[in-house]
Amino acid sequence: MHRGNLIGIMEGHLQRTLGANARAIRLARGYSQEHFAELLGFHRTYWGTLERGQRNLTLQAVERLADALGVDALVLLSEDMRVDVDVRIRADRDRK
């Protein structure tokens, strides 16, 4: 595969992964996109672009977002943890 093609495929991959993980967390907690954004102090349209992987966040912003969500920053960036995130958050919610 040509290097240019590989870069095109990979570009935005972490953004999309972070967005999918943030969405999984929101859904596992049973919140609408609008209500969850409000709870976290984000505008709903901003949160929507984040979930769709359209935001290019700094590492500091990823850390702040993870803190607001109550998860480790690596959880937000890890594709391998998508299913784990959902299960863990559901288990935490059920314990309360």
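A salt bridge is a side-chain nitrogen of Lys or Arg within 4 Å of a carboxyl oxygen of Asp or Glu. In this predicted model, the side chains of R26 and E51 meet in such a pair, with an N to O distance of 2.6 Å. The structure holds 1 salt bridge. The pair links distant parts of the chain. R26 lies in helix α2 and E51 in helix α4, 25 residues apart. Both partners are buried.

The overall architecture is helical. The protein chain has 7 helices and 0 strands. From the N terminus on, its elements run α-α-α-α-α-α-α. Of the 96 residues in the chain, 31% are buried. Contacts were also considered by sequence separation. Among those between residues at least 6 apart in sequence, 57% join residues at least 24 apart.

Helix α2 spans residues 13-28 and has 16 residues. At 1.5 Å a residue, α2 should span 22 Å. Its end C-alpha atoms are 22 Å apart, which agrees with that expectation. The buried residues of α2 are T17, L18, G19, N21, A22, A24, I25, R26 and A28. The salt-bridge residue R26 is thus listed among the buried positions of this helix. After α2 comes G30, whose phi is positive, near 80 degrees.

Two of the buried α2 residues, T17 and N21, also meet a loop residue. S78 touches both T17 and N21, leaving aside residues up to four places away in sequence. S78 sits in the loop between α6 (73-77) and α7 (82-95). The relative accessibility of S78 is 18%, so S78 counts as buried, the cut-off being under 20%.

E51, the other salt-bridge partner, is placed in helix α4. Its relative accessibility is 9%, so E51 counts as buried. E51 touches G19, A20, A22, R23, R26 and Q33, again leaving aside residues up to four places away in sequence. One of these contacts, A22, is 29 residues from E51 in sequence. In space, E51 and A22 are 6.3 Å apart, C-alpha to C-alpha.

Helix α4 covers residues 44-51. W47, G48, T49, L50 and E51 are buried in α4. The buried residues of α4 pack against α2, α3 and α5 (59-69). α4 is followed by G53, where phi is positive, near 75 degrees.

The packing of α4 with α3 was examined further. Two packed helices are described by the angle between their axes and the distance between the axes. Helix α3 (residues 33-40) and helix α4 pack at an angle of about 105 degrees. Their axes are 8 Å apart. Angles of 65 to 115 degrees count as roughly perpendicular, and α3 and α4 are therefore roughly perpendicular to each other. On the α3 side, the contact involves Q33, E34, F36, A37 and L40. On the α4 side, R44, W47, G48 and E51 take part. The residues of this contact divide into 4 nonpolar, 2 polar and 3 charged. E51 therefore belongs to the α3 contact as well as to the salt bridge with R26 in α2.

How values were computed
Residues numbered from 1 in each chain as written. Predicted model: local features only at pLDDT ≥ 70, side-chain atom pairs only at ≥ 80, totals over all residues. Heavy atoms only, no water. Axes fitted to C-alpha atoms, helices over the stretch in contact; angles between N-to-C directions. Helix = DSSP H or I, 4+ residues; strand = E, 2+ residues; numbered from the N terminus. Parallel < 35°, antiparallel > 145°, perpendicular 65-115°, else oblique. Contact = heavy atoms within 4.5 Å. Nonpolar A, V, L, I, M, F, W, Y, C, P; charged D, E, K, R; others polar. Expected span 1.5 Å × (residues − 1). Buried < 20%, exposed > 50% of the residue type's maximum accessible area, 1.4 Å probe, protein only.
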